[in-house]
Structure formats: C-alpha cells, structure tokens
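Q: I am new to this structure and would like a close look at one part of it. Please walk me through its salt bridges.

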Amino acid sequence: MDVITINEKITAMQTEKYDLAIIGAGPAGMMAALRASECGARVVLLEKNSIPGIKLLMTGKERCNITNAETDVRKFADNLGKNGRFLLSALYHFGIEETISFFHKNNLRTKIERGGRVFPESDKAKDVQGLFLRLIKKNRITLLTDCRIKKISQGQNRIEKIILDNSAIKAKNYLLSTGGLSYPRTGSTGDGYAWAGQMGHTIIKPEPALTPISVKETWVKDLEGLSLKNVRISVYQGNKKQDERFGEALFTGSGLSGPIILDMSKSIGKLLIKGGVDLFIDFKPALDFKVLDKRILHDLEKYGNKSIKNILPELLPKKMIPVILELAGIDPERKGHSITRDERKKLRLLLKEFSLTIEGLSGFNKAIITTGGVSLKEIDPKTMRSRIIRNLYFAGEILDLDGPTGGYNLQVCWSTGYLAGESRSEERRVGKEGRSRWSPDH
C-alpha cells in the first residue's frame, strides 16, 4: 500500500497487522517510519491532517532550519539545558553529521548560515516535506491521513490496538510522535499527552516556548516591524539580573520577538510566575556610558544647527527616534546646540538601558515549540522505549525536551525518531552497515 486516507480501503485495514504503528506524521514520526521500514518492519503512519509534515512548512520562516552545525555532541546537548543529556544516546546514534548526510544523499543540498543554522539551499521548507513524502511512498509505508483515533486500547502493560471510527490497527509496537501544543492549527492539540497520561506516564506541564513576549507599554505599536541588530537585552526581576543575550530582536505590535527574545522566553515565563519582570535593551553594547556620552556630545557639536531628530540617525534607526525623544522629553525640532547636559544624560540612559515591562508570553498560537511533556525519567534514552508500557516508544516534541532557536528542536525530532524507529523491533533489526533504502540509487 502507498498513501491512502482513512476513508479508503477501510475493510482491508481491519485485518492488517504491522510491526510498528506510528501516531503523528510530523518530522519525528516520518523519520521513525523511514528507519523502521529500512530495518525491515511493516509500518503504518497515522496522521490527523490531510498531509504529513504541515508544521515543517512553518519552521525557519518557511525556510526550514533543518539542524544546527554544532558537531560537538556534548555541546549540542548542553544547549538544550538540564534535560539535554537525555539526548546524548540518540545524538551519538544519529546526530548532526548523519542528518545532513541523509538530506544530501536524497538530493537536498544544505547551507550553513549565521549561528550554525542549517537550511536547504533552496530556502524552501516544502522541499524538506516533499523529500519525506517521496521516501514514504518509495519505502511502501502505509500512510493513513485524515485519521481520527477514538481510543488506544491496552492491557497488561502493553498496547493491544488503536481503535479508529470504523476499524482497529494492531501492531507489535507503537510510537507516539504527536508533537506538543504549539501552532495548534497544524494539529498539535496535545492528544499525545492525554494518551500517554492515560497509560500511566507523568506529563510535565506543557508551556509555550520560543515565543514572542508582550509588554505593558502600548507605544511599542509605533515600532512594529523594527528589526534590531547587535543589541544586548537583559532581563531583571527586582534588582537581580536573570538573563542576558546579544544578537537580534524585533518589535511587534504588542512587544518583542526575534532570536534573542525567543530564546529567553522560556526563562521569562518561569519568572513571571514569581512576579514582575523588566527588560532592558542596550542599543550600543560596544560603547560604555562614558564613551557613548562623548559620542553624543561630538554629534551635537558637529551638527549643532540641525534639529535633534536629524542628528540621532547617526546612532539609532529612524523609527526609534520619535519614541526616544518623547521618553526623554525633548522636542524633535530642538537644535543640537541647545540640548542641555541633563537632556544628553537622558538620551544616553535610553540608548543603554531602554526599559520595558514584560506583561506575558504570546502563548501557544505563536510559540514555535512546547516545553514540558512526557517525563524523560519514564523513557529509556538508549531506545526511546517507555519504561511503563513495554511496546510503546516516544519521539519528538511530545518529550519534555526542548532547545533554543537555530535548528536544535528539529534535530531532537530527527535523532529521537531515528532511534525509536530502529529500536522498535530488535528481532527484525537490520544492521546499520546494511545498504540504506533511503539512498537514491537503490
């Protein structure tokens, strides 16, 4: 069978049995299906959407940030925080080099950009999705789309079958790769958490991660779309600095987004539970207060007959100038030579410590990933198999495992999916030295 929908050939499906049934045809599920099939397993892939890999189309601003070129496995894992060590076995088994090689072998060339971000040369996420769809068909993996699961039936610490509307799927082993709660319009509605919980697994509370933030200052609406480069952003709770990053950010209609903000959003969310959080932007991190003051004074003297609004473009993006001047209480038409020492100090402070009050996170609708999920203590990191249900495996975002922007989270999907797909049926496993059916010349 090739790609079919749940409404087709339903009678035949009632008697079909598989080595592996995968729930969720996202990046982790598709990778698991390919590896299991390569190892000789009969695989069925169940997807609630009409086509697999919809979320892939949205990643990396529709360019698909495939992975990160950090080849030191331990450094890669460390970037995922305290839970990162769980991923080591999967990374050693199928890591960054193997991932890039997989795409190259299947005629999808890649390129490395700032921060080690790896993208398709085409800059098209649909090319990544298309590659997986071709390989699913080539490997004769049964794909059921528009699939609605009514129940997962279990007994004696094993899954017995998956019950659909008019049929049941039976398999020796099962894999949950249903993703998290981010971008719910793509089908990530938390079904996997409910099923895992019903089977006895602990679910660490899912929260939005890699998400924009909202602030209390309504005037940020005037800065919407303004991109900031080479800035330093610090997060404070009370008088204590909690986080600090250097890089790029972006003003939105209600707050901030961009790489720095997305990477800090997880820690910001935890801080907000405890109380108020403030954010400070340093527009000139390469200059200390003294040097910056001299720079401002130099510009005011050099262009003394110009209005202040026409002097500041030397230091700030034009869109920022009206906001800065209003906050400093300076008339935009004032001449440079008339700016007082106290007004200059206000400008300097705003350039170095531009403050905003964080109101909250933007939530799952705008979050790139979910933090939290199935507890890693209940999963064997060497196989991705459940320690509670003997024939159940997990892979991808459903796990309590997440990292920063830059390709880390898709690599979690590739590595855990590959390992789960290979581990699912040891009695039929084909050695890694065997010829890969993914190879285009097979």
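A: Happy to! Searching the whole structure turns up 22 salt bridges, where the term stands for a side-chain nitrogen of Lys or Arg within 4 Å of a carboxyl oxygen of Asp or Glu. As background, side chains of opposite charge can pair when their charged atoms come close. Please keep in mind that this is a predicted model, in which local features need pLDDT of at least 70 and side-chain atom pairs count only at pLDDT 80 or more, while totals for chains, interfaces and linings use all residues. Residues are numbered from 1 along each chain as its sequence is written, and side-chain values use heavy atoms, with hydrogens and water left out.

Let's begin with strand β14, which covers residues 240–251. Strands here are DSSP runs of E with at least two residues, helices are runs of H or I with at least four, and both are numbered from the N terminus. Within the numbering of that strand you will find D243, which forms a salt bridge with R245; their closest N and O atoms are 3.2 Å apart. D243 counts as buried because its relative accessible area is 14%, whereas R245, at 29%, is partly exposed. For these words, buried means under 20% relative accessible area, exposed means over 50%, and partly exposed lies in between (1.4 Å probe, protein chains only).

A little further along, E248 and R114 join their side chains in a salt bridge of 3.7 Å, N to O. This pair ties together distant parts of the chain: E248 sits in strand β14, while R114 belongs to the loop between β5 (110–113) and β6 (117–120), and 134 residues separate them. Both partners are partly exposed, E248 with a relative accessibility of 24% and R114 with 49%.

Beside R114 in the numbering, K111 and E113 make a salt bridge too, at 3.5 Å from N to O. K111 is partly exposed at 26%, and E113 is partly exposed at 29%.

Some bridges are also connected to one another: R232, K241, E244, D282 and K352 form a linked network of salt bridges.

Now for charges that are not paired in this way. K240, also placed in strand β14, is exposed because its relative accessible area is 56%. Together with K82, K270, K274 and K377, K240 forms a positive surface patch. Such a patch is made of residues with over 30% relative accessible area and no salt bridge, with like charges joined within 9 Å; the place of a charge is NZ of Lys, CZ of Arg, CG of Asp or CD of Glu.

Finally, let's step back to the whole chain. It carries 71 positive and 52 negative side chains, and the centres of the two sets lie 2 Å apart; Lys and Arg count as positive, Asp and Glu as negative, and His and the chain ends are not counted. The chain has 13 helices and 21 strands, and 54% of its 442 residues are buried. Its C-alpha atoms fill a box of roughly 85 × 45 × 40 Å along the principal axes. Among contacts (heavy atoms within 4.5 Å) with a separation of 6 or more, 73% come from residues 24 or more positions apart.

Note on methods. Patches are made of residues with over 30% relative accessible area and no salt bridge: like charges are joined within 9 Å, nonpolar side chains (Val, Leu, Ile, Met, Phe, Trp, Tyr) within 5 Å. Accessible areas come from the Shrake-Rupley method with a 1.4 Å probe; for residues, only the protein chains shown count as cover.
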